[in-house]
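Work through the exercises below with the sequence and the coordinates open. Each task is followed by a solution in steps.

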Amino acid sequence: TYFWFCGAVAALYYLVRRITGKKWLAALGAIMLICSPRIAGEAFYNIKDNMFFSLFLISLAAGYYYIKQRRTSGLALFTFLSALCINTRYIGGIVLLFVALQFALGEIRKGVGIGKGIWEGLKICLLCYVFYFLMTPFLWENPLVNTWRIIASFSDSGDGIMSMMYCGKIYFSDDLPWHYLIVWILITTPVMVTVLYLAENAYCIKRMISLRREEIKFFLANEENLFCFFVGSIVWITIAADIILQPIKYDGWRHFYFLYGPFLFTAIMGVHHLTEWTKGQAEKTKCKTVAENVCLGMVILSCVANFFWIVGNQPYEYLYFNPLCRGMETEFERDYWYVSTYDAVEEILRMDDSDEIQICCVCKTVTLFLEEAELSRVEFVDDMASADYVILQYRAATVDELKALCENMQMVSEKQVDGLPIYTIYSAQ
């Protein structure tokens, strides 16, 4: 999983380097991604959502490479990666559609005709399907019928319903407020990235409004401009679709981590346009120079602060909340991966040298990571009354509700991340 994340970092560097022509900005973008706590942290163990995030960003880079180079090797690389991306999550097809559309528009602008231009775009989709077919054994037995089943399942949100803490209330995953995704993105994304993203959107809207009709056509005829427009629109289209369709979501916004690639790319383009605004000594004013230096300084300080936060709280990076949420962290889901179970069990084994210890906790997969000597001393039980120790992990419940369950037990330890409790150990003795 981390290998693919490294590939995503390289893909972001490539996109920024090729589109802006600035190596330092590409390096800054790569550093911003590495210093994004939740995304970088889950790159070590989230084999589905973070894998999809990486493939989504890599597919975007491969798509841009093909659009610019128009080589057979680029086509094969892009369609293979797109098939892999779609195979991970069907929504990955949005990259394929955008690239095929932009390629078709480029061909039409060359004067080949609308029909041939559309056919060129369809050929990209067909080749992607060939790769998807080869890597999906389910299709081999009955390709047409099973392909239709896959298409029909796009709207199937699944039947797994769970309760989650959001804004201090318990919600079921199929009945979440419309603003759920927006709020999670705002409170867990580094503030500087969000500010730059919104500034770039404001800049683009202002620029589009100020352009005349002929200038808009010229603007969109530029391959870099059109590609950036498509990438930026992915975030808004997906959020709008989420609000309208209300699909089932689990554990924060991990199912939508793929949006962070376009989100961060757009933010980096905000830095690019700021530096372009102040470019040229003849046009540069003292005010603009100060604005540029302050912005770049804040971006670098944000990366440094996030880096030290990651180092100090590893492996709990996925519990990062930005300053906008300061004081309200307890009103949201926390250790939904139950990573803290291992630390809690290890702490109990250090505190208690008994040969047999009965522990009550929700997640028991920790047995996969314990040494044989440790497993021989531990027995996991479901009944709190018969347990020697109870590990409380704050998921889908408030702190007061959980601690009330152990009011007759003695609290012996509590683990906190950035002042946020993630587990509490209670002893029956």
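## Exercise 1: a pocket and its lining

The second largest pocket has a volume of about 490 Å³. The model is a predicted one.

**Task.** State how many residues line the second largest pocket, which lie nearest its centre, and how the lining divides by class.

**Solution.**
- Step 1. The lining of the second largest pocket consists of 22 residues.
- Step 2. Nearest the centre of this pocket are Glu200, Cys204, Asn225, Cys228 and Phe229.
- Step 3. At least two lining residues come from each of α1 (2-20), α10 (191-210), α12 and α13.
- Step 4. Sorted by class, the lining has 11 nonpolar, eight polar and three charged residues.

## Exercise 2: two cysteines

**Task.** Determine how many disulfides the structure holds, and how far the sulfur of Cys204 is from the nearest cysteine sulfur.

**Solution.**
- Step 1. The number of disulfides is zero.
- Step 2. For Cys204, the nearest cysteine sulfur belongs to Cys228 and is 8.1 Å away.
- Step 3. For Cys228, the nearest cysteine sulfur is in turn that of Cys204, at 8.1 Å.
- Step 4. A disulfide requires sulfur atoms within 2.5 Å, so a separation of 8.1 Å does not qualify.
- Step 5. Cys204 has a relative accessible area of 33% and is therefore partly exposed.

## Exercise 3: a salt bridge between distant parts

Side chains of opposite charge can pair when their charged atoms come close.

**Task.** Of the 11 salt bridges in the structure, examine the one between Arg254 and Asp49. Which parts of the chain does this pair tie together?

**Solution.**
- Step 1. The N to O distance between the side chains of Arg254 and Asp49 is 2.6 Å.
- Step 2. Arg254 lies in the loop between α12 (223-245) and α13 (260-277), while Asp49 belongs to helix α4 (residues 49-69), so the salt bridge ties together parts 205 residues apart in sequence.
- Step 3. Both Arg254 and Asp49 are buried.

## Exercise 4: a salt-bridge network

**Task.** Trace the salt bridges of Arg70 to Glu107 and to Glu223. Which residues make up the network that these bridges belong to?

**Solution.**
- Step 1. Between Arg70 and Glu107, the closest N and O atoms are 2.7 Å apart.
- Step 2. Arg70 is in the loop between α4 and α5 (72-88) and Glu107 is in helix α6 (residues 93-109), so this pair ties together parts 37 residues apart in sequence.
- Step 3. Arg70 is partly exposed at 25% relative accessibility, whereas Glu107 is buried at 12%.
- Step 4. Between Glu223 and Arg70, the closest N and O atoms are 3.3 Å apart.
- Step 5. Glu223 is in helix α12, and the pair with Arg70 links parts of the chain that are 153 residues apart.
- Step 6. Through shared partners, salt bridges join Lys68, Arg70, Glu107, Glu223 and Glu224 into one network.

## Exercise 5: backbone exceptions

Most residues other than glycine have a negative phi, and most peptide bonds are trans.

**Task.** Inspect phi at Arg70 and Asp418, and omega between Gln314 and Pro315.

**Solution.**
- Step 1. Phi of Arg70 is near 55°, a positive value in a residue other than glycine.
- Step 2. Asp418 also has a positive phi, near 55°; Asp418 sits in the loop between β6 (410-417) and β7 (420-427).
- Step 3. The relative accessible area of Asp418 is 40%, so Asp418 counts as partly exposed.
- Step 4. With omega at about 10°, the peptide bond joining Gln314 and Pro315 is cis.
- Step 5. Pro315 is in the loop between α14 (286-313) and α15 (340-351).

## Exercise 6: aromatic pairs

A pair of aromatic rings is described by the distance of the centres and the angle of the planes.

**Task.** The structure holds 29 aromatic pairs. Classify the pair Tyr129 and Phe133, then the pair Phe229 and Phe230.

**Solution.**
- Step 1. The ring centres of Tyr129 and Phe133 are 6.4 Å apart and the planes stand at 40°, so the pair is tilted.
- Step 2. Tyr129 and Phe133 are four residues apart in helix α7 (residues 114-134), which means a separation of about one helical turn.
- Step 3. Tyr129 is partly exposed at 32%, and Phe133 is partly exposed at 23%.
- Step 4. Phe229 and Phe230 also form a tilted pair, with 6.2 Å from centre to centre and 50° between the planes.
- Step 5. Phe229 is partly exposed at 45%, but Phe230 is buried at 10%.
- Step 6. One aromatic cluster is formed by Tyr166, Tyr171, Tyr180, Trp184, Phe321 and Phe332.

Definitions and conventions. Residues are numbered from 1 along each chain as its sequence is written. This is a predicted model: local features need pLDDT of at least 70, side-chain atom pairs count only at pLDDT 80 or more; totals for chains, interfaces and linings use all residues. Side-chain values use heavy atoms; hydrogens and water are left out. Buried means under 20% relative accessible area, exposed over 50%, partly exposed in between (1.4 Å probe, protein chains only). A salt bridge is a side-chain nitrogen of Lys or Arg within 4 Å of a carboxyl oxygen of Asp or Glu. On a 1 Å grid over the protein atoms alone, a cavity is a set of points where a 1.4 Å probe fits but cannot get out, and a pocket is an open set with protein on both sides within 12 Å along at least five of seven lines; lining residues have an atom within 4 Å of a point. Grid points are joined across faces, edges and corners, and a volume is the space filled by probe spheres set on the points. Ala, Val, Leu, Ile, Met, Phe, Trp, Tyr, Cys and Pro count as nonpolar, Asp, Glu, Lys and Arg as charged, and the others, Gly among them, as polar. Rings of Phe, Tyr and Trp (its six-membered ring) pair if their centres lie within 6.5 Å; planes under 30 degrees apart count as stacked, over 60 as edge-to-face and the rest as tilted.
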